[in-house]
Amino acid sequence: ELGTRAENLHKFLYEWTAGPFAARLRAGAGVPDQARMFRLYPGDVVLLDEAGMAGTFLLDTLVSLAAARGAVVRLLGDDRQLPSVEGGGALRLVAAQPGTPHLSELYRFRDPAEATATLQIRAGDSAAVDWYHASGRVRSGSREAMAAAAYAGWKDDMLAGKVTLMAAAGNADVTELSAQARADRVLAGQVEADGVRLHDGNLAEIGRASCRERV
């Protein structure tokens, strides 16, 4: 939305510590155009989105790099978001400090009741579960039945030309669903029949992703 290129935190720090950009800086060489976004100048503002997912040591490295060159870092994110494995709660510490700006209105949902329910879930208020049940958002069944229903919904969306995604809780489910999805995408002419064999036995070919693991 800012109309500028962005990179993730790991890529940025890699370029500053071990990548080609860092090597050129150490050698006093010029920086190619594609690497100029990694430069830090006095007065620059580094915006780090989804900061609640960032590792504390990585944040410390970023802030140190920026401060040494007269730049500043601004963290954007939700301190109550489920963190990544390496996340250490740095954003929560910042959020608890007096004067930290917080968004006060939610614009993501058309239904005000759903917006309220999401904020309740964020705060750990179990009363929001009633809204999800009443709105038909919670469905139950056997493992096999739910997997079949999820796949059927994905396939209908896929054949209708929609952008669709399945999420599964474990690698075994991901492998099985991906194989099934790949076969249907081949039949639909969306991906090539041949490909490169992956460690789980599936094939990767030119086309779209089918299933993503979520743990």
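**A walk through the predicted model**

Let's start with Arg69, which has 30% relative accessibility and therefore counts as partly exposed. Keep in mind that this is a predicted model. Where does Arg69 sit? Arg69 is in the loop between α3 and β2. Look at what Arg69 touches. Setting aside residues up to four places away in sequence, Arg69 touches Trp16, Leu40, Tyr41 and Pro42. Take Leu40 from that list. Arg69 and Leu40 are 29 residues apart along the chain. Their C-alpha atoms are separated by 6.4 Å.

Now step back into helix α3, where we find Thr61. Thr61 counts as partly exposed, because its relative accessibility is 31%. Pair Thr61 with Thr164. Those two are 103 residues apart along the chain, and 37 Å separates their C-alpha atoms.

Between β1 and α3 there is a loop, and Glu50 lies in that loop. Glu50 is not a glycine, yet its phi is positive, about 50°. Is Glu50 buried or partly exposed? At 41% relative accessibility, Glu50 counts as partly exposed.

Compare that with another glutamate. Glu15 lies in helix α1, residues 9-17. Glu15 counts as buried, because its relative accessibility is 6%. The cut-off for buried is under 20%. What does Glu15 contact, leaving aside neighbours within four places in sequence? The list is Pro20, Phe21, Ala22 and Phe38.

Next, helix α5. This one spans residues 112-122. Which residues of α5 are buried? They are Glu114, Ala115, Ala117 and Thr118. Looking down the axis of α5, these buried residues fall within an arc of 160°, so they line one face of the helix. What do they pack against? They pack against α6, residues 128-134.

Now the two ends of α5. At the start, Asp111 offers a side-chain oxygen. That oxygen reaches to within 2.9 Å of the backbone nitrogen of Ala113. On the other side, α5 is followed by Gly124. The phi of Gly124 is positive, near 80°.

Helix α5 also brings us to the pockets. The largest pocket has a volume of about 1,300 Å³. Which elements give two or more residues to its lining? They are β2, α4 and α5, with β2 at 72-75 and α4 at 90-95. In total, 27 residues line the largest pocket. Nearest its centre lie Gly77, Asp78, Asp79, Leu103 and Arg122. How does the lining divide? The largest pocket has 13 nonpolar, 6 polar and 8 charged lining residues.

On to the second largest pocket, which holds about 760 Å³ of space. Its lining counts 22 residues. Closest to its centre are Arg5, Ala6, Glu7, Val46 and Leu47. Here the elements giving two or more residues to the lining are α1 and β1, the latter at 45-48. Which element gives the most? That is β1, with 4 residues. The lining of the second largest pocket divides into 13 nonpolar, 2 polar and 7 charged residues.

Let's move further along the chain, to helix α8, residues 171-187. Arg182 is found in α8. Is Arg182 buried or exposed? Its relative accessible area is 15%, so Arg182 is buried. What does its side chain reach? The side chain of Arg182 reaches the backbone oxygen of Glu192, at 3.5 Å. A distance for orientation: Arg182 and Asp130 are 52 residues apart in sequence. In space they are 37 Å apart, C-alpha to C-alpha.

Last stop, Asn202. Asn202 lies in the loop between β4 and β5. Strand β4 covers 196-197, and β5 covers 203-204. Asn202 has 11% relative accessibility and so counts as buried. Which residues does Asn202 touch, not counting those up to four places away in sequence? They are Thr175, Ser178, Ala179, Val196 and Arg197.

A quick recap. Arg69, in its loop, is partly exposed. The buried residues of α5 line one face of that helix, and they pack against α6. Helix α5 also gives residues to the largest pocket, while β1 gives the most to the lining of the second largest pocket. Both Arg182 and Asn202 count as buried. Thanks, over to you.

Terms used:
Residues are numbered from 1 along each chain as its sequence is written. This is a predicted model: local features need pLDDT of at least 70, side-chain atom pairs count only at pLDDT 80 or more; totals for chains, interfaces and linings use all residues. Side-chain values use heavy atoms; hydrogens and water are left out. Buried means under 20% relative accessible area, exposed over 50%, partly exposed in between (1.4 Å probe, protein chains only). Contact means heavy atoms within 4.5 Å. A polar contact is a pair of N or O atoms within 3.5 Å; within protein, one must be able to donate a hydrogen and the other to accept it, and residues adjacent in sequence count only if both atoms are side-chain atoms. The arc is that of the directions from the helix axis to the C-beta atoms. On a 1 Å grid over the protein atoms alone, a cavity is a set of points where a 1.4 Å probe fits but cannot get out, and a pocket is an open set with protein on both sides within 12 Å along at least five of seven lines; lining residues have an atom within 4 Å of a point. Grid points are joined across faces, edges and corners, and a volume is the space filled by probe spheres set on the points. Ala, Val, Leu, Ile, Met, Phe, Trp, Tyr, Cys and Pro count as nonpolar, Asp, Glu, Lys and Arg as charged, and the others, Gly among them, as polar.
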